[in-house]
Amino acid sequence: MSKLAIFGGSIVAVLVLALLARLLGLGGARIGSAEEARAAAEAMISGFEGGAVALGSDGKAALVHGGAGDAALLKVHGARIAARHLRAPLVSAAASEGLAIESGDARFGTVVLKGVTAL
C-alpha cells in the first residue's frame with residue numbers, strides 16, 4: 001500500500017469518528033437557559049441558592065448570583081459543566097466579546113460571558 005493511500009484512509013477515519021461523536025452528542029455541551037445554569041450551580045455547590053443569572057450568548061458560560069453576595073461561575077468544559085464558588089467582591093473587566101470574570105483559580109482561569117456587558 002502506498003503512503004498516500006494510508007494517509008487518505010487515516011483522514012477519512014478521523015472524519016468518520018468526528019461525525020460519529022457529533023451524532024452521539026459527545027462534547028459541545030451548552031448551558032441552554034438561566035434555569036439550567038441555576039440548577040447546575042445548586043447541584044455542584046453545596047448549600048448554594050441561585051438567584052439572578054447572567055448567561056453568555058454562546059451558552060458556554062454563566063454567572064449565577066447567590067443570596068449572600070456570593071456567586072457561582074459556570075463554564076462548559078468538554079461535555080460537562082464546571083463550576084467555581086466565588087465570594088464578593090467579584091473581579092471582572094470588559095472584554096472585546098463581553099465580560100471577563102476572574103475565577104481566582106489558575107486551573108479554571110478567567111471566564112468570558114459573551115454578549116454580557118454588566119452584572
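Reader: Which helix does Ile-11 lie in?

Author: Ile-11 lies in helix α1, residues 3–23. Keep in mind that this is a predicted model.

Reader: Is Ile-11 buried or exposed?

Author: Neither label fits, because its relative accessible area is 40%, and buried means under 20% while exposed means over 50%. Ile-11 is therefore partly exposed.

Reader: Which residues make a nonpolar surface patch with Ile-11?

Author: Leu-4, Phe-7 and Leu-15 make the patch together with Ile-11, and its area is about 450 Å².

Reader: And the rest of α1, how many of its residues are buried?

Author: Zero of the 21, so α1 lies largely in the open.

Reader: What length does α1 reach from first C-alpha to last?

Author: α1 reaches 30 Å, close to the 30 Å expected for its 21 residues at 1.5 Å a residue.

Reader: Switching to the strands. How many residues of β3 are buried?

Author: Six of the seven residues in β3, which covers 71–77, are buried, and the strand is mostly covered.

Reader: What does β3 pair with, and in which sense?

Author: β3 pairs with β2 (residues 61–66) over five bridges, antiparallel. Seven bridges join β3 to β4 (residues 80–86), and these two also run antiparallel.

Reader: Where does Lys-75 come in?

Author: Lys-75 in β3 stands opposite Ala-61. In β4, the bridge partner of Lys-75 is Ala-82.

Reader: What about the turns?

Author: β2 and β3 form a hairpin with four residues between them, and Gly-69 in that turn has a positive phi of about 80°. The hairpin of β3 and β4 has two residues in between, with Gly-78 in the turn at a positive phi of about 70°.

Reader: Ala-82 again: which helix residue touches it?

Author: Met-44, which lies in α2 (residues 34–44). Setting aside residues up to four places away in sequence, Met-44 touches Leu-74, Ile-81, Ala-82 and Ala-83.

Reader: With those contacts, is Met-44 buried or partly exposed?

Author: Partly exposed, because its relative accessibility is 40%.

Reader: How many Å separate the C-alpha atoms of Met-44 and Gly-69?

Author: 18 Å, with the two residues 25 apart along the chain.

Reader: Last topic, β6. What joins it to other strands?

Author: Three bridges join β5 (residues 92–94) to β6, antiparallel, and five join β6 to β7 (residues 110–114), also antiparallel. Ala-100 in β6 stands opposite Ala-93 and opposite Val-112 in β7. β5 and β6 form a hairpin with three residues between them.

Reader: How many of the β6 residues are buried?

Author: Four of the five, so to speak of β6 (residues 98–102) as mostly covered is fair.

Definitions and conventions:
Residues are numbered from 1 along each chain as its sequence is written. This is a predicted model: local features need pLDDT of at least 70, side-chain atom pairs count only at pLDDT 80 or more; totals for chains, interfaces and linings use all residues. Side-chain values use heavy atoms; hydrogens and water are left out. Patches are made of residues with over 30% relative accessible area and no salt bridge: like charges are joined within 9 Å, nonpolar side chains (Val, Leu, Ile, Met, Phe, Trp, Tyr) within 5 Å. Accessible areas come from the Shrake-Rupley method with a 1.4 Å probe; for residues, only the protein chains shown count as cover. A salt bridge is a side-chain nitrogen of Lys or Arg within 4 Å of a carboxyl oxygen of Asp or Glu. Buried means under 20% relative accessible area, exposed over 50%, partly exposed in between (1.4 Å probe, protein chains only). Two strands pair if DSSP finds at least two bridges between them. Contact means heavy atoms within 4.5 Å. The expected span of a helix is 1.5 Å times one less than its number of residues.
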